Amino acid sequence: MLQALDHLYLPGALTLWCAVFFGLATLWGYAQSLHGDAGARTFARRGYFFFTISVVLCAFVLWLALVRRDFRIEYVYQFSGLELPVHYQLAAFWAGQKGSFLVWLFWGALIGLPLMKSAGRDEARVMSVYVLTLFGLLFILVRENPFVMLDETPLDGAGLNPLLQDDWMVIHPPIMFVGYALGAVPFSFAIAALWQRDVSRWATRAFPWALAGFMILGTAILMGGYWAYKTLGWGGYWGWDPVENASLIPWLFGVVLIHGLYLERTRGRYRRINLVLASAVFLSVLYSTYLTRSGVLADFSVHSFVELGISEWLVLMQVAFLGMSVYLIASRWKQIETRPNEDVFLSRGAFLVFSTITVTVCAVVIAAGTSAPLLTAWREHPGQVGPSFYNRTNLPLALLLGFLLSVVPFLTWKGTTLRELLRKLLPAAVVAATATGVAAAAGVDDLFHLFFVFLAVLALTTNLQKTVARWRNRGMGAGGGYLAHVGVGVMLIGILASSAYDKSAKLTIEQGKPTQIDDLTITFKRYIPRQGREKERLEVEVTRADGFRHVAYPKLFVNDRTRQLMAHPDVKTLPLMDLYISPIQYDPGEPPEVEYAFDLKPGESARAGDLTIRFAGFDLQGMGGDATARLASGQSVTVGARLEVSRDGETTEVAPVFVLDPSGRFDTPPVALPGGALAALASIDPTRGTARIELAGVDAPLPAPKLSLDVTRKPLIQLVWGGLYVILLGGLLSTVHRLRDARRVDRIADRLAARQS
Amino acid sequence: MMSKPHYLIGIVLLLLFAGFSYSAFRDTLTPYVPYAEARERTHTVQVAGGLEAGSSSYDEASGSLRFTLVDEETGDTMRVRYQGLKPANFEEAVSIVAIGLYDPATDELVADKLLVKCPSKYQGLEEKTYD
């Protein structure tokens, strides 16, 4: 036992054990307070407070170790390095599994503080369940301790994966984990309510939390898509990759939950189903984590994580929480009073139910697709499904949703006649028909797609009408839901246009030779070498007959330490589309053939084709005094040759260099000469005092560099982002609205309780 | 009042969609198979293996990449043709997954997607997908 301690960084490990201790104390305190012991409740609150402090300290210790580059700690060694800039130390924090679980726990612990307040009279039960969910994460960290130390202290860390050295990586994962952590909140409310056999209050209280989780997870998904699109050069914002799906599935269940809670709050329906949904959100967070973090998909995912021995624990967590919710829901099912379904077919209630079913089917289908390797594991050859599975199954669902979204705003709870509904829909239908006509004129030729456009614009318009009406009559907050649905309509149009009508061309072009793609002329101008922190760039000019001109600078560089080739696309946003230029390969051409080689003493000249070369003398400034001593101290030595090159009576001076590094390797970068030839200082003969000058491209032209690139035009892709922003803004308004609602209900309950006593 | 027929229609619709999803699932499922199996299938499959040294060639005119995969366990080989640009770091790949359909006429797997795993000193392997 004590020997095991030798391998742990104690300040960090200690904070983890403190967290376990205070977590247990919190649970004990709340258990005691269930019998009405106010002292025990104070004890539990303090326990939770210290638990949070321990977790925050734990994260702080790891962060400090990263900033101090304490390579004794394995985690720091794995993800940090001497060269890593300070702000990327944060990205290193969540680059590995252990660190990301710690971030998750960190937010989870902090969220518990406002949750304690918001749970009101149900605090003891809600917090007990919530702390239990945090224990799941805490145990993973205790088992896979991030503070394990190495036997020896390495001089430098392995460095952070260059893909992760990105500003988005600093901000995207922590926001994702806020969303994940919030997934446990409605679950805790639901389980606590079942435990107490009183399911009357939880929905109102959990509502703003569910909305906040929906918004924050949505923001993280938006950022992830944006990152993949703008920086990673994946070619799109969504690839149906398991890791992407892992965040989408809980989010979709979250969407269903907030609609279910709305139905419960306004109509008293879905009282049982919401309990199931709250569990589904949390369990899908766990299941997604299991899929992406346990290594079960290792052979199938683009960014899979390596197995860390936590899969059994994650399975156990899922089984335990699933068992808990199934048992509680099943045993209380009959006792839960719910209002009988009195909705007629053409009513808001019925159509909301259809919508929730549709989104649930969406989530289930995506979960099934992502789980394909598990679902087919019993077969001889397990497999996976590609993006076409998701596209095929989700398209009809998106159409159905577009229809439901268009109709719901004009349906009333009591029911509407078809005639009245059609009359109300008429203005929006005119707008949608006009938009469809515009789309057809713009080149949308598929009938199915035109129908899709019609429905999306119809949904957008009806919800916009309703948003404005709500804002006028009942204030900003009340219109949030409708506003979010306006965003859905906008996003559907963006998704269709940018994915079904994008024009992509992969081409290989020679430097300086303009190439035509449709109405665009693409010219690869030059390769720009690395300048300080600015990476290697390629200058690509795009012009159009109408005078449009854009000079794109996509980046393509080999990471120094990993020899890994990385591409950063250039994305130019035009009024109606994005021009996306992503380099694939840069071929500098075959090494040029040496046509002339001269051994010259200072002052001597030579003729090569139409060039006269005079060797003016050595440039020894880069020698730095004693070359041997300099090499011995680990520095490189540079010798230059000053050349005067004359062509057609014009003389230019160039100075090719010879660089010798301490390991004995040398480099002889060529310099350009007038007329396009190259000259290099190939070697030096110190005994004879001569320099060997090699020339290429004097008689025959040099092989031209070639660039392979992907030029894609993505029409209306801005609507995808724009729509998502509107959805999130609507979510924010609704969160505030529901938070006020929960407070109001609490005040009324308090007043009633005071009157009774 | 929502009547029984409404529920029935709903259930039928759900079942229909389940059937539709199942068929889509079956159609798009690409199983991981050994090379011998891949030669017999008439459906998209995925095969994995190491790159046989010196086996890759890139035909610039047609823009297609040809290489041979070697199954490290059995020593079997499989020629692969990939229509597209040569992925970066291709020669350094320790393992390549090719997703595509076997063409008996040329005895090649015509890949429409490659998953290239390159050695990395970072945790695990770097992977990149090429469509």
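Start by selecting A:Arg713 and A:Asp518: their side chains make a polar contact of 2.9 Å. This is a predicted model, so treat that distance, like every other value on this tour, as computed from predicted coordinates.

**Stop 1: around A:Arg713**

Keep A:Arg713 selected and add A:Asp519. The side chains of A:Arg713 and A:Asp519 are also joined by a polar contact, this one of 3.4 Å. Now colour by secondary structure, and you'll see A:Arg713 sitting in strand β21 of chain A, residues 706-715. Is A:Arg713 buried or exposed? Its relative accessible area is 9%, so A:Arg713 is buried. Show what surrounds it: leaving out residues up to four places away in sequence, A:Arg713 touches residues including A:Tyr501, A:Asp502, A:Lys503, A:Met577 and A:Leu579.

**Stop 2: a hairpin in chain A**

Next, select residues 570-573 and 577-587 of chain A, which are strands β9 and β10. They run antiparallel and are joined by four bridges. Look at the turn between them: three residues make the hairpin link from β9(A) to β10(A). For a pair to label, pick A:Val571, which stands opposite A:Tyr580 in β10(A).

**Stop 3: domains, and a four-stranded sheet**

Zoom out and colour chain A by domain. There are domain 1 (1-160), domain 2 (166-413), domain 3 (417-582 + 712-757) and domain 4 (596-696). Note that domain 3 is given as two segments of the chain. If you mark the C-alpha centres of domain 3 and domain 4 of chain A, you'll find them 55 Å apart.

Now select the strands β11, β20, β19 and β18 of chain A. In that order they make up an open sheet with antiparallel pairing. Which strands stand at the edges? Those are β11 (596-600) and β18 (671-672) of chain A; each has a single partner strand, so one side of each is left without a neighbour in the sheet. On the β11(A) side, the partner is strand β20, residues 690-696 of chain A, and five bridges hold this antiparallel pair together. Label A:Leu600 and A:Ala691 to see one matched pair, since A:Ala691 in β20(A) is the bridge partner of A:Leu600.

**Stop 4: A:Glu644**

Move to strand β14 of chain A, residues 637-647, and pick out A:Glu644 within that strand. At 22% relative accessibility, A:Glu644 counts as partly exposed. Draw a C-alpha to C-alpha distance from A:Glu644 to A:Phe615: it should read 6.5 Å, across 29 residues of sequence. Among the residues that A:Glu644 touches, apart from those up to four places away in sequence, are A:Thr612, A:Ile613, A:Arg614 and A:Thr651.

**Stop 5: the nonpolar core**

Show A:Tyr48, A:Phe51, A:Leu160, A:Phe189 and A:Trp202 as sticks. These have the most contacts inside the largest nonpolar core, a set of 145 residues. Which helix gives this core its largest share? Helix α10 of chain A, residues 202-230, contributes 16 residues. In soluble globular proteins, nonpolar side chains tend to be buried together. Then centre on A:Phe51: leaving out residues up to four places away in sequence, A:Phe51 touches A:Ala19, A:Phe22, A:Gly23, A:Leu105, A:Ala109, A:Leu134 and A:Leu138.

**Stop 6: over to chain B**

Hide chain A for a moment. Chain B has two helices and eight strands, and along the sequence they follow the pattern α-β-α-β-β-β-β-β-β-β. Of its 131 residues, 46% count as buried.

Select strand β2, residues 45-51 of chain B: six of its seven residues are buried. One antiparallel partner of β2(B) is strand β6 (residues 95-103), with five bridges between them, and B:Gln46 has B:Ile99 in β6(B) as its bridge partner. Another is strand β4 (residues 64-70), paired antiparallel with β2(B) over two bridges; there, B:Gly50 stands opposite B:Val70.

**Last stop: colour by confidence**

Bring both chains back and colour by pLDDT. Chain A averages 87, with 94% of its residues scoring at least 70. Of its elements, helix α9 (residues 184-196) has the highest mean pLDDT, 96, and helix α1 (residues 2-6) the lowest, 65. Select residues 301-307 of chain A as well, where the pLDDT is below 50. Chain B averages 79, with 82% of its residues scoring at least 70, and over residues 120-131 of chain B the pLDDT stays under 50. Where pLDDT is low, the predicted coordinates should not be read in detail.

Notes. Residues numbered from 1 in each chain as written. Chains lettered and ligands numbered in written order. Predicted model: local features only at pLDDT ≥ 70, side-chain atom pairs only at ≥ 80, totals over all residues. Heavy atoms only, no water. pLDDT = per-residue confidence, 0-100. Contact = heavy atoms within 4.5 Å. Domains from an automatic or database assignment. Pairing = 2+ DSSP bridges. Core = buried A, V, L, I, M, F, W, Y, C linked by side-chain atoms within 4.5 Å. Buried < 20%, exposed > 50% of the residue type's maximum accessible area, 1.4 Å probe, protein only. Polar contact = N/O pair within 3.5 Å; in protein donor to acceptor, adjacent residues only side chain to side chain.
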